[in-house]
Amino acid sequence: MFDYRIAHNDVRESPVQFHHRGYVSGEPRIEPAAGFGIDRPVELPDELDVLIVGTGPAGMIAAAQLAQFPGVNTRIVERRGGRLEIGQADGIQARSVESFNAFGFAHRIIDEAYRITHMAFWNPDPENPQNIIRISLPEDDPAHLSEWPHLIVNQARVLDYFAEFAQNSPGRITPDYGWEFLDLTVHDGPDAGERPVEVRLRRSEGTPGAGEERTVRAKYVVGCDGARSDVRRAIGRRLVGDQAMHAWGVIDVLAATDFPDIRTKAAIQSHDGGSILLIPREGGHLFRLYVDLGEVREDDGGAVRRTPVETIIERANRILHPYSVDVKSVAWHSVYEVAHRLTDKFDDVETDAEAERTPRVLIAGDACHTHSAKAGQGMNVSMQDGWNLAWKLGHVVEGRASEALLSTYSAERQVIAKNLIDFDKEWSTLMAMKPEDFDDPNYLSDWYVKTFEFPSGLMTQYTPSILTGGDEHQALASGFPVGKRFHSAGTVQASTGNPKQLGHLHRADGRWRIYVFADPAAPALAGTPTAALADWLAHDPASPLAATPVGGDDDAWFDVKVIYQQDHAEVNLNEVPAVFKPVLQPFGLTDRAKVFASGTVAGEYFDIFEERGVDRAGAIVVVRPDQYVSAVLPLTATDELAAFFAPILATSAPAAV
């Protein structure tokens, strides 16, 4: 069984490398400014490459990723005058924490967050239905699908961490607050120029120069401006779906209470059909209640949204009987009606025009999909939208890939959003049902356990495309399903003898990963499949590594790692092929951190081949920049590896930045 303590300690040993460009005496996570990050203008420029609208979860992770592409002139605008102070979302699923690690702040947010390990289910007492009793307390991740925890933390803190990463990255991206998006025009034809998207902005009320309008030109615009997205409106997309006539009051409170599970996530169903979803918040005292306000009349006209907070609290106490909450302070409250809506596409290209042009305007997050908050998916899915899109934009604008790459964004994420809405409809319906409507009183808790993989964010599986290969060779690495996220496992770094979680070394730096799981032969033996593959990767013009810009680091575009089956003490680094030991500039230093093996460390044995079902004959596992497995191939499948990357990579590589 995986020990989370090892993962936690491993995260604290940052995968960020430094000193290779000279001694760093300060914070090593602050990378040297480069490209457009050098002397970044304070004022919003008239021309730029990527304009992100909105600093929510999708927008901020996109900005953070694009800050790793300093050759891309990226700005992010927000109509608010400053950072978000209180966010509505708070649930952080395991896949999101896994992603946070790639952006360098997983361990910090874990330390301040509330960690969910169980969920309590409460029903009416059969012998005294006026009272509620706990009927089950299942584990939150009973199948141990991830080594990362399920967290509760304010959305505003998540945005702060992404903002910090973006500001400390080479692109030095910081939000341009106080700019409201008005409209855009996508020009075409010979006069469109390199930046065909013309965007009108206006200074927001309450900010200096309020009402002032200006126009900027961009290559691409990304709309992350929420459920009422003006960017979505500007490209003619709209949210389509249904609204369940059921209302919920939400309150974040500090309260004195005798409810025994107040610090445990809980689903509570009362005798009169009212229910509560209880979410403990970070800090040890704050908690959130989603309180069932019942069916909404068709002629309500929005009146339910004006429900006083006192009414929500009163309703909560009725549901919790014989327990009570004496609210001392309300940090935030709201009322919402469950709605499930989705746009048919996440970009500005109609389906029948896809062969003629590629997207220029794309939307992400709540601008594309809305649903209830009770499944805890809004922020999580939005962040994966933003990450999916941002690295693709970086590759296209920098010239690493063709514009065709951008068409995969809507194709991949629209399906995921549809699956989310289908899941949320069922969860919301179950939460609103009366206890007597269930044939089995444990149905809700059993359903929660059975479906855990979806809300954890780990069920996402991209289907075959130019970014995702087929499953013909899946048996070579059964623990790394093609299309799903790369599930980390422990191994031993040969150069240090330290245990490492292989997946935790995957930084959000925009690089592809090629993991070479070696055949049983020792590294020194020539003519083996691993040695032949290493030679092909390093020297063959068909190798994807041949696209790497000349003059920079050998691993600037591709992070190639090898994992040997031998004990780490038996691996002589001098005998390891050079392609697994890239040279870093400007001093020509050798990177010895990419060679791994098996072995025992501190009494624990690490064998990733065994743990993830990797064939002892060896395998290649290709992982895209956002951590999803793109292909599993035999070590000898160089033609297939070249064919996979051929439609993705640009025909000619730019010079190193």
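**Cysteines, core and strand pairing in a predicted model**

At 9% relative accessibility, C224 falls in the buried class, a value that, like the others reported here, was computed from a predicted model. The side chain of C224 takes part in no disulfide, and the nearest cysteine sulfur, which belongs to C368, is 8.1 Å away. Seen from the other residue, the closest cysteine sulfur to that of C368 is in C224, and the two are not bonded because a separation of 8.1 Å is too far, a disulfide being counted when the two sulfur atoms are within 2.5 Å. C368 is likewise assigned to the buried class, since its relative accessible area is 0%. In total, the structure holds 0 disulfides.

The largest nonpolar core comprises 116 residues, of which F103, F162, V221, F580 and F645 touch the most other members. Helix α8, spanning residues 378–398, supplies the largest share of this core, with 9 residues. In soluble globular proteins, nonpolar side chains tend to be buried together. When residues up to four places away in sequence are set aside, F580 touches V516, T530, A534, V560, K561, V562, Y564, D591, K594 and V595.

Helix α8 also appears among the packing partners of helix α2, which covers residues 57–66 and is mostly covered, 10 of its 10 residues being buried. The buried residues of α2 include P57, G59, M60, I61, Q65 and L66. These buried residues pack against strands β1 (47–53) and β2 (74–78), and against helices α5 (155–168) and α8.

Strand pairing was examined in two places. Strands of a sheet pair through backbone hydrogen bonds, either parallel or antiparallel. An open sheet is formed by 3 strands in the order β3-β7-β4, with antiparallel pairing. Its edge strands are β3 (91–92) and β4 (114–116), each of which pairs on one side only. The pairing between β3 and strand β7, the latter formed by residues 150–152, is antiparallel and extends over 2 bridges, and within it G91 has I152 of β7 as its bridge partner. Elsewhere, strand β5 (residues 119–125) and strand β6 (residues 128–136) run antiparallel and are joined by 5 bridges. These two strands, β5 and β6, form a hairpin in which 2 residues lie between them, and N123 stands opposite I133 in β6.

Turning to the annotated part of the chain, an unreviewed UniProt entry lists residues 460–650 as "domain: Phenol hydroxylase-like C-terminal dimerisation". In the model, this span is 12% helix and 25% strand, and the C-alpha atoms at its two ends lie 28 Å apart.

T496 is located in the loop between β19 (490–493) and β20 (499–501). This residue counts as partly exposed because its relative accessibility is 43%, a value that lies between the limits of under 20% for buried and over 50% for exposed residues. The side chain of T496 is joined to that of Q493 by a polar contact of 2.9 Å. Although T496 and A593 are 97 residues apart along the chain, their C-alpha atoms are separated by 8.2 Å.

Technical notes: Residues are numbered from 1 along each chain as its sequence is written. This is a predicted model: local features need pLDDT of at least 70, side-chain atom pairs count only at pLDDT 80 or more; totals for chains, interfaces and linings use all residues. Side-chain values use heavy atoms; hydrogens and water are left out. Two strands pair if DSSP finds at least two bridges between them. Helices (H or I, at least four residues) and strands (E, at least two) are DSSP runs, numbered from the N terminus. Buried means under 20% relative accessible area, exposed over 50%, partly exposed in between (1.4 Å probe, protein chains only). A polar contact is a pair of N or O atoms within 3.5 Å; within protein, one must be able to donate a hydrogen and the other to accept it, and residues adjacent in sequence count only if both atoms are side-chain atoms. UniProt positions are given in the numbering used here, feature names are shortened, and annotations may be inferred rather than shown by experiment. A nonpolar core is a set of buried Ala, Val, Leu, Ile, Met, Phe, Trp, Tyr and Cys residues joined through side-chain atoms within 4.5 Å. Contact means heavy atoms within 4.5 Å.
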